[in-house]
Amino acid sequence: ALRATAVEVEETRGTPIEVVVVGDCPLDERLEALVAATREALTNAAKFAAGGGPIRLYAEIEDDRVKAFVDDRGDGFDLERVPDDRRGLRESIIGRIERNGGHAEVRSEAGHGTEVELTLTRGEKR
């Protein structure tokens, strides 16, 4: 599902995405939320980091958790300066993961790109 999402964003946005997914597991409702949050992060990177080189998606699927990283070398941004009415990052990525019992972290620095890290434990919410 993560590879298919990357292909979809790459084809829609015309931005190259390098994908490495290690492991596999059945897709459940919570992991569908991780895939949707990853799609939003890839879309944001394609929209706002154009020209900064390829976007990278790296995911590790382990017995007890799934971690996905979306990385770009765009201009970066200050999360605190994103207007409150811009809900994509806060709700479609961070909020979606947190509502499903996971953790999302956004690391960005002006001039140095952005990395979004998404983590969900497998099985029931913890």
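How much space lies in the second largest pocket? About 220 Å³. The model on screen is predicted, and the tour starts at this pocket.

**Stop 1: the second largest pocket**

Select A1, L2, D24, C25 and I61; of the 14 residues that line the second largest pocket, these are the closest to its centre. Next, colour α1 (2-13) and α2, the elements that give two or more residues to this lining. The largest share, 3 residues, comes from α2. By class, the lining of the second largest pocket holds 11 nonpolar residues, 1 polar residue and 2 charged residues.

**Stop 2: the largest pocket**

Move on to the largest pocket, with a space of about 460 Å³. Its lining has 21 residues; select N44, F48, F77, R86 and L89, which lie nearest the centre. Then show α2 (29-48), β3 (65-72), α3 (87-99) and β5 (114-121), each of which supplies at least two residues of the lining. Here too α2 can be picked out: the largest share of the lining, 6 residues, comes from this helix. Coloured by class, the lining of the largest pocket splits into 10 nonpolar, 5 polar and 6 charged residues.

**Stop 3: helix α3**

L89, one of the residues nearest the centre of the largest pocket, is also one of the buried residues of α3. Add I93, I94, G95 and I97 to the selection to complete the buried set of this helix. To see what covers these residues, show α2, β4 (103-108) and β5, which are among the covering elements.

Now take the distance between the end C-alpha atoms of α3. The helix spans only 15 Å, whereas a straight helix of 13 residues would span 18 Å at 1.5 Å a residue. Just after α3, select G101, where phi is positive, at about 80°.

**Stop 4: L79, in the loop before α3**

Go back along the chain to L79, in the loop between β3 and α3. Is L79 buried or exposed? Neither: its relative accessibility is 27%, so L79 counts as partly exposed. Not counting residues up to four places away in sequence, L79 touches L89 and R90. For a long-range distance, select V20 as well: the C-alpha atoms of L79 and V20 are 26 Å apart, with the two positions 59 residues apart in sequence terms.

**Stop 5: the largest nonpolar core**

Clear the view and select L34, L42 and L118. Among the 30 residues of the largest nonpolar core, these touch the most other members. At least two residues of this core come from each of α1, β1 (17-22), α2, β2 (55-61), β3, α3, β4 and β5. The largest share, 8 residues, is supplied by α2.

Keep L42 and show its surroundings. With neighbours within four places in sequence left aside, L42 is in contact with T5, A6, V9, I17, I55, L57 and V70.

**Stop 6: T43, in helix α2**

End at T43, which lies in helix α2. Which residues beyond four places in sequence are in contact with T43? Select V9 and R13. V9 was already on screen as a contact of L42. T43 has a relative accessible area of 17% and therefore counts as buried, the cut-off being under 20%.

Key. Residues are numbered from 1 along each chain as its sequence is written. This is a predicted model: local features need pLDDT of at least 70, side-chain atom pairs count only at pLDDT 80 or more; totals for chains, interfaces and linings use all residues. Side-chain values use heavy atoms; hydrogens and water are left out. On a 1 Å grid over the protein atoms alone, a cavity is a set of points where a 1.4 Å probe fits but cannot get out, and a pocket is an open set with protein on both sides within 12 Å along at least five of seven lines; lining residues have an atom within 4 Å of a point. Grid points are joined across faces, edges and corners, and a volume is the space filled by probe spheres set on the points. Helices (H or I, at least four residues) and strands (E, at least two) are DSSP runs, numbered from the N terminus. Ala, Val, Leu, Ile, Met, Phe, Trp, Tyr, Cys and Pro count as nonpolar, Asp, Glu, Lys and Arg as charged, and the others, Gly among them, as polar. The expected span of a helix is 1.5 Å times one less than its number of residues. Buried means under 20% relative accessible area, exposed over 50%, partly exposed in between (1.4 Å probe, protein chains only). Contact means heavy atoms within 4.5 Å. A nonpolar core is a set of buried Ala, Val, Leu, Ile, Met, Phe, Trp, Tyr and Cys residues joined through side-chain atoms within 4.5 Å.
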